[in-house]
Amino acid sequence: SSSHRGDYENSGSSRRENEGDEVDSSYSRAASRGGSSYYPGYVRPYNTEWRVTVSNISTNITWKELKDYFRRIGVVTFADAHRQKAGEGVVDFETEREMKAAVRKMNNFEIDNRRITVIATPRKFRRSRSPTPPHSSHRTFSRSRSSSSSD
């Protein structure tokens, strides 16, 4: 029966290696989504226009805790605390609906024995800049001008 146990251990170790392969593939999938290879499913922080400003937060609160509190509302793409001003933080959401829900549900919410104030402070992005770099659009503009002058 000892040889049988050996077979079991061998099959167990090969199974474990296969599971490791699966984990590796999920890591690489997360990395290809712009996440970190160390944290599968982790999304690298990015700013959106759907921002709320949170004031009267305790100086003990970190941006991670702020993010965790607001994660119950929706997808938090960015969070920061005390950078602009002590006792103040910002949280960016994926959608306008989530930003509005955050104001509705989290304003006057108590964190660390303090009632926080949550105000929608949507940011206006220049939409034209993000899809194409400015110099490439300028290049096509100058090309079209030179072709029209040669006509």
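Which strands does helix 2 lie across, and at about what angle does it run to strand 2? Keep that in mind while I set the ground rules.

This is a predicted model, where local features need pLDDT of at least 70, side-chain atom pairs count only at pLDDT 80 or more, and totals for chains, interfaces and linings use all residues. Residues are numbered from 1 along each chain as its sequence is written, and side-chain values use heavy atoms, with hydrogens and water left out.

The sheet comes next. It is open, has four strands in the order 2-3-1-6, and its pairing is antiparallel. Strands here are DSSP runs of E, at least two residues, and helices are runs of H or I, at least four, numbered from the N terminus. Two strands pair if DSSP finds at least two bridges between them. Strand 2 (76-81) and strand 6 (117-120) are the edges, each pairing on one side only. From one strand to the next, the twist averages 20 degrees.

Look at strand 1, residues 50-55. Strand 1 and strand 6 are antiparallel and share four bridges. Val52 has Ala120 of strand 6 as its bridge partner.

Now the answer. Helix 2 (residues 63-71) lies across strand 1, strand 2, strand 3 (88-93) and strand 6, at about 140 degrees to strand 2. Axes are lines fitted to C-alpha atoms, for helices over the stretch in contact, and angles run from 0 to 180 degrees between N-to-C directions. Contact means heavy atoms within 4.5 Å.

Which residues of helix 2 are buried? Leu66, Lys67 and Phe70. Buried means under 20% relative accessible area, exposed over 50%, partly exposed in between, with a 1.4 Å probe and protein chains only. These three sit on the same side of helix 2, because their arc around the axis is only 100 degrees. The arc is taken from the directions from the helix axis to the C-beta atoms.

On to helix 3. Its buried residues are Glu98, Met99, Ala101, Ala102 and Met106. They fall within an arc of 165 degrees, so they line one face of the helix. Arg97 and Arg104 are exposed on the other side.

Last, the largest nonpolar core: 20 residues. Such a core joins buried Ala, Val, Leu, Ile, Met, Phe, Trp, Tyr and Cys residues through side-chain atoms within 4.5 Å. Val52, Val54, Leu66, Phe70, Val91 and Phe93 touch the most other members. Helix 3 (96-106) is among the elements that each supply at least two residues. Helix 3 gives the most, with four.
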